[in-house]
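Biologist: Before I take any label on trust, I would like to go through this structure with you and hear the reasoning behind each term. Could we look at it together?

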Amino acid sequence: MRIDGATRVVGIVADPIAHVRTPQLFNAAAARQGLNAVCVPLHAAPAQLPQLLAGLAGCQNLAGLVVTMPHKEAVVALCGELTPAARLVGAANTLRWDAAQGHWVGGNLDGEGFVAGLKECGHLLAGRRVLLLGAGGAGKAIAYAVGREQPAALVLSNRSMARAEEAVQRLAPALPGVDLRTGAADATRFDVVINATALGLHEGDPAPLPVDTLQPGSLVCEAVMRDTALLAAARERGATAHPGHRMLYGQIVEIARFIGLDIAPGKVPRLFG
């Protein structure tokens, strides 16, 4: 990889940021394709987010930004334009600067990346009972994408059930015919369990539900980009563990396209298994 005066810069904004895996994947893919672009981490606390985006708007070699926890919902208020998916879920994970309009354009590719990662591993959701933990920005985006796969049921659970109810009300009109509702964090009757909470980001974090409810033969999925207590418990109980980095592989291609770069699917390496 070369970095020179013509290099296009992609930033990833998060807090904390040590866990992110997008730079490794993006930079390896760019190098494979001979693309003169680099992805770098940008650590910003929530209070610093408006100042960061205001400053980056003047960076003319910035291709765009990837946005992750905990900024996906807060960044929406700082965008002048949103894609339909970002508007529906009320969260954005990718930004590009529209110089002609003088504002940030926010998109949301979390859900598409997550489902693409499942399909690549041969996991289909049609007709399956899905429990989704977390109703924040990532949770709502994943719920929307999962719902479009026509599961037999899609149940949203969140520490604040009022927030889960709000997510159901927001998403239900866009998912006609889907059994979409809220429920407890109990995996007993589910074929698929998805963690879209922040639990697992830190070493020692507990699982986001009672692990004794995980069923042998079920599929247990993470959106967190590390091995977690939930995945360990899934393996111990005879379930299939689907790590969070799988969703990144499909996202890299879509993120690059959104910010005006071109990475072919075959150029994204499988760095994390």
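Modeller: Let us begin with helix 1, whose buried residues pack against strand 1 (8–14), strand 2 (37–43), strand 3 and helix 8. Please keep in mind throughout that this is a predicted model.

Biologist: Which residues of helix 1 are the buried ones?

Modeller: They are Thr-22, Pro-23, Leu-25, Phe-26, Asn-27, Ala-29 and Ala-30.

Biologist: Why is Thr-22 called buried?

Modeller: Thr-22 has a relative accessible area of 7%, and buried means under 20%, so Thr-22 meets the criterion. Thr-22 belongs to helix 1, which covers residues 22–33, and, leaving aside neighbours within four places in sequence, Thr-22 is in contact with Ile-12, Cys-39, Val-66, Leu-248 and Ile-252.

Biologist: How do you know that the length of helix 1 agrees with what its 12 residues should span?

Modeller: The expected span is 1.5 Å times one less than the number of residues, which for the 12 residues of helix 1 should come to 16 Å, and because the end C-alpha atoms are 16 Å apart, the two values agree. After helix 1 comes Gly-34, with a positive phi near 75°.

Biologist: What makes the contact between helix 1 and helix 8, and at what angle do the two pack?

Modeller: The two helices pack at an angle of about 65°, with their axes 10 Å apart, and helix 1 passes helix 8 in a right-handed crossing. From helix 1 the contact uses Thr-22, Leu-25 and Phe-26, and from helix 8 it uses Leu-248, Tyr-249, Ile-252 and Ala-256. These residues divide into 6 nonpolar, 1 polar and no charged.

Biologist: Staying with helix 8, where Met-247 is found, why does Met-247 count as buried?

Modeller: The relative accessibility of Met-247 is 5%, and the limit for buried is under 20%, so the label applies to Met-247. Not counting residues up to four places away in sequence, Met-247 touches Asp-110, Gly-113, Phe-114, Ala-223 and Met-225. As for Ala-37, Met-247 is 210 residues away from it in sequence and 21 Å away in space, C-alpha to C-alpha.

Biologist: Why is Val-10, in strand 1, called buried?

Modeller: Val-10 has a relative accessible area of 0%, and buried means under 20%, so Val-10 is buried by that criterion. Setting aside neighbours within four places in sequence, the contacts of Val-10 are Phe-26, Val-38, Cys-39, Val-40, Ala-63, Gly-64, Val-66, Ile-259 and Leu-261. Val-10 and Leu-95 lie 85 residues apart in sequence, and their C-alpha atoms are 9.9 Å apart in space.

Biologist: Turning to charged side chains, why is the pair of Arg-163 and Glu-73 called a salt bridge?

Modeller: The N to O distance between the side chains of Arg-163 and Glu-73 is 2.3 Å, and a salt bridge requires a side-chain nitrogen of Lys or Arg within 4 Å of a carboxyl oxygen of Asp or Glu, so the pair qualifies. This pair links distant parts of the chain, with Arg-163 in helix 6 (residues 161–171) and Glu-73 in the loop between strand 3 (62–67) and strand 4 (81–82), 90 residues apart. Glu-73, Lys-140 and Arg-163 are linked in a network of salt bridges.

Biologist: What makes Arg-163 and Glu-73 partly exposed?

Modeller: Arg-163 has a relative accessible area of 35% and Glu-73 one of 27%. Buried means under 20% and exposed over 50%, so both residues fall in between and are called partly exposed.

Biologist: How do you know that Glu-120 and Arg-270 form a salt bridge?

Modeller: Their side chains meet at 2.2 Å, N to O, and the cut-off is within 4 Å, so the pair counts as a salt bridge. Here too distant parts of the chain are linked, with Glu-120 in helix 4 (residues 110–120) and Arg-270 in the segment after helix 8 (246–258), 150 residues apart.

Biologist: What about Arg-2 and Asp-4, and how many salt bridges does the whole structure hold?

Modeller: The closest N and O atoms of Arg-2 and Asp-4 are 3.5 Å apart, and the limit is within 4 Å, so this pair is a salt bridge as well. A search of the whole structure finds 13 salt bridges.

How values were computed. Residues are numbered from 1 along each chain as its sequence is written. This is a predicted model: local features need pLDDT of at least 70, side-chain atom pairs count only at pLDDT 80 or more; totals for chains, interfaces and linings use all residues. Side-chain values use heavy atoms; hydrogens and water are left out. Helices (H or I, at least four residues) and strands (E, at least two) are DSSP runs, numbered from the N terminus. Buried means under 20% relative accessible area, exposed over 50%, partly exposed in between (1.4 Å probe, protein chains only). Contact means heavy atoms within 4.5 Å. Axes are lines fitted to C-alpha atoms, for helices over the stretch in contact, and angles run from 0 to 180 degrees between N-to-C directions. A crossing is left-handed if the near helix is turned anticlockwise from the far one by less than a right angle, and right-handed if clockwise. Ala, Val, Leu, Ile, Met, Phe, Trp, Tyr, Cys and Pro count as nonpolar, Asp, Glu, Lys and Arg as charged, and the others, Gly among them, as polar.
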